[in-house]
Amino acid sequence: MVERAGPEILRTLQHYTFRKILRRQISRLRLGVGRMAEDALAYHEREPQSRLLKDDAQIQIDAVEMHVLHRAAIHDDTCIIRCFRKSHVEHAAQAIANWATAQTYGDLPEEVKRICVRAILDTIGVAVAGSATFQAKVALEYANAEYGAGAASLIGSDHRLSLRGAAFVNGVAAHALDFDDTCYAGICHGSATILPAVLACAQSHRCSGRELIRAFAVASEITYALGDFLGDDIYYRGWFTSILLGSVGAAAGASAILELDDQAMAGAIANALAHCGGARSVLGSSLKAVLAGQASALGIESARLAAAGVCAGPDALEHRFGIVALTGAEPLGNHDKRLALGKPWRLVKPGLAVKQYPVCSAAQAAVEAVLSLVRSNCIDSDSVASVECLVPRLVAISLPYHVPRSTSEAQFSLPFCVACALVHGGVEPSHLNASIRDDPRIADLISRVRITTLEDSDPLATQLRPEGTKVLINTKAGDRFDQTVPKAFGMPERPLPDETLDEKFLACISTIGIDGEAMLNTLRNLPDIKDVSSMMTGMRYNENGNDVIH
């Protein structure tokens, strides 16, 4: 399209966008367009408000590449600009989908495959344990009433539901004990939302273990890359990032299993972005785990709608009312460079934090420090006069409950976790009930715990970030002991050995009375499985187990 330089073209360009395009192209092509540049920039200095909104004009420099060819020609004293716009604009969702659909199992680094197997094993284990919780049982009743029967098994059950129904129930179970992994790229519980969606679709399509691993890896990378891009500040502002990011990962993972092409996967990602949310106010409530299940189900819904041609706008991420704007994140810019998918893989760096205890990740270091002090100094809980915990900001805001009123709140109470570790020598799923929470010994110790939030500039805060803790125990005899745990056992810098992870898995699935060793062996050999649905055979739902959390 050839048009004359002047107000008609200039009004279709945002002020700063036109200046950047013009200067970049003049420098690149070194053409004699000085007069045109002078006139154009002068016009925008006079009328900076004359612009169209980017979603109307679709010429935001971050969203549209323009090929502007300048010709140093004078015709009636007017420079001529030829603006050739690409027929297809590659938005961020499309760039993500293009990368995802190009990945094969063979392309995955061996370390990524290994981490995926560990994460899948761990998530299935904690979901089995979580199936005994109040939230999971309510989710099952709800799903039976609202979702139809289908081809997808519940984790720990012979019961089968539709894809969305199974993803919902399994997502709730995987997150109910807060025993699932965490990634600090986005401060996000990714596996608990991604795996239920991927696993449900993989069962219905009779996928192999390698196909499951590929989809899980791709979905995890997308989830954590978005977390990296949006930054930790959105968590501090109150977003429940596990839901915000996890629903997008679930959509990408479901799309990979359903073999959507790049256009349809971009639509699925856009659908999830347009629909996702989550407020951190749910921490310590019974709804928290339910939101994880809903995010997983939303991922499947987003993918299946996109496959049918129902899609949100392609600029759902960078739209002026999209997630970038709503979360207050920095504008997207060069999305290929900013997202940097697979460079390196986030499953490797920063990696996944795998929990030893079924409480918030922010409490893991404190429990470890207390147990270390008890073992090293033979401290009895009755001898404790006071406990002080020095923590960085992320720990303080993630554990808002000093005196928990429910067992769900206890999982987000640092004083409860410290007290439980002192009295019971640890924190186990069996400790998450009202009788333990209301034990007078626990209540007394909770009153003796003091938490000090370190300033960000404090050197100790730097040492402890993101979720380390320094614990000081004062005894009634006047002794004082302290222990600093910058990185809890299970954090990426101190990963759980396979043997320890296997022990955690066996302890989790012991609640449903199946052959744990056989199940463990199956999952450890996941790449060799020809049909994922076969590994669910024989698993039985814990219908008669006691509620762990209410």
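## Close-up views of a predicted model

**View 1. Arg437 and Asp438 pair up as neighbours.** Asp438 makes a salt bridge with Arg437, and their closest N and O atoms are 3.5 Å apart. This view, like the others here, comes from a predicted model. Is Arg437 buried or exposed? With a relative accessible area of 13%, Arg437 is buried. A little further along, the side chains of Arg441 and Asp439 also meet in a salt bridge, with 3.0 Å from N to O. Asp439 counts as buried because its relative accessibility is 13%, under the 20% limit. Its partner Arg441, at 44%, counts as partly exposed. Elsewhere, salt bridges with shared partners tie Arg118, Asp498, Asp502 and Arg524 into one network.

**View 2. A salt bridge connects helix 14 with helix 8.** The structure holds 19 salt bridges, and one of them brings together the side chains of Glu301 and Arg164, at 3.0 Å from N to O. This pair links distant parts of the chain: Glu301 belongs to helix 14 (residues 287-307) and Arg164 to helix 8 (residues 163-176), 137 residues apart. Glu301 is partly exposed, with a relative accessible area of 22%. Arg164 is also partly exposed, and its value is 29%.

**View 3. Ser220 sits buried in helix 10.** Look for Ser220 within helix 10, which spans residues 209-230. At 1% relative accessibility, Ser220 counts as buried. What lies 2.8 Å from a polar atom of the Ser220 side chain? It is the backbone oxygen of Phe216. Leaving out residues up to four places away in sequence, Ser220 touches Ile194 and Leu347.

**View 4. The largest nonpolar core draws on helix 10.** This core has 114 residues, and those touching the most other members are Ile124, Phe168, Leu212, Ile222, Leu230 and Met535. Which helix gives the largest share of this core? Helix 10 does, with 13 residues. To follow one member outward, start at Leu230: beyond its neighbours within four places in sequence, Leu230 is in contact with Leu244, Leu245, Ile323, Val324, Thr327 and Ala329. There is also a second, separate core of 54 residues, and among its members are Phe179, Tyr357, Val418 and Ile436.

**View 5. Helix 5 is largely enclosed.** Helix 5 runs over residues 92-102, and eight of its 11 residues are buried, so the rest of the structure largely encloses this helix. The buried residues of helix 5 are Ala92, Ala93, Gln94, Ala95, Ile96, Ala97, Trp99 and Ala100.

**View 6. Aromatic rings meet at Tyr235 and Tyr236.** Five aromatic pairs are present in the structure. In the pair shown, the ring centres of Tyr235 and Tyr236 are 6.3 Å apart and the planes stand at 80°, so the arrangement is edge-to-face. Tyr235 is buried, with a relative accessible area of 7%, whereas Tyr236 counts as partly exposed at 25%. In a separate panel, Tyr142, Tyr147 and Phe168 form one aromatic cluster. Phe168 is also listed among the residues of the largest nonpolar core that touch the most other members.

**View 7. The loop between helix 16 and strand 7 holds cis peptide bonds.** Pro344 is found in this loop, which runs between helix 16 (335-339) and strand 7 (352-353). A cis peptide bond joins Lys343 to Pro344, with omega about -5°. Pro350 lies in the loop between helix 16 and strand 7 as well, and the peptide bond leading to it from Lys349 is cis, with omega near 15°. Ala340 is in this loop too, and although it is not a glycine, Ala340 has a positive phi of about 45°. Ala340 is buried, with a relative accessible area of 18%.

**View 8. Arg206 has a positive phi in the loop before helix 10.** Arg206 lies in the loop between helix 9 (191-204) and helix 10. Its phi is near 50°, a positive value in a residue other than glycine. Arg206 is exposed, with a relative accessible area of 56%.

**View 9. Some stretches carry low confidence.** The protein chain averages a pLDDT of 84, and 80% of the residues score at least 70. Over residues 25-88, however, the pLDDT is below 50; this stretch has 126 contacts in the model beyond near neighbours in sequence. Residues 541-550 also fall below 50, with 39 such contacts.

Note on methods
Residues are numbered from 1 along each chain as its sequence is written. Side-chain values use heavy atoms; hydrogens and water are left out. Helices (H or I, at least four residues) and strands (E, at least two) are DSSP runs, numbered from the N terminus. Buried means under 20% relative accessible area, exposed over 50%, partly exposed in between (1.4 Å probe, protein chains only). A polar contact is a pair of N or O atoms within 3.5 Å; within protein, one must be able to donate a hydrogen and the other to accept it, and residues adjacent in sequence count only if both atoms are side-chain atoms. Contact means heavy atoms within 4.5 Å. A salt bridge is a side-chain nitrogen of Lys or Arg within 4 Å of a carboxyl oxygen of Asp or Glu. pLDDT is the predictor's confidence in each residue, from 0 to 100. A nonpolar core is a set of buried Ala, Val, Leu, Ile, Met, Phe, Trp, Tyr and Cys residues joined through side-chain atoms within 4.5 Å. Rings of Phe, Tyr and Trp (its six-membered ring) pair if their centres lie within 6.5 Å; planes under 30 degrees apart count as stacked, over 60 as edge-to-face and the rest as tilted.
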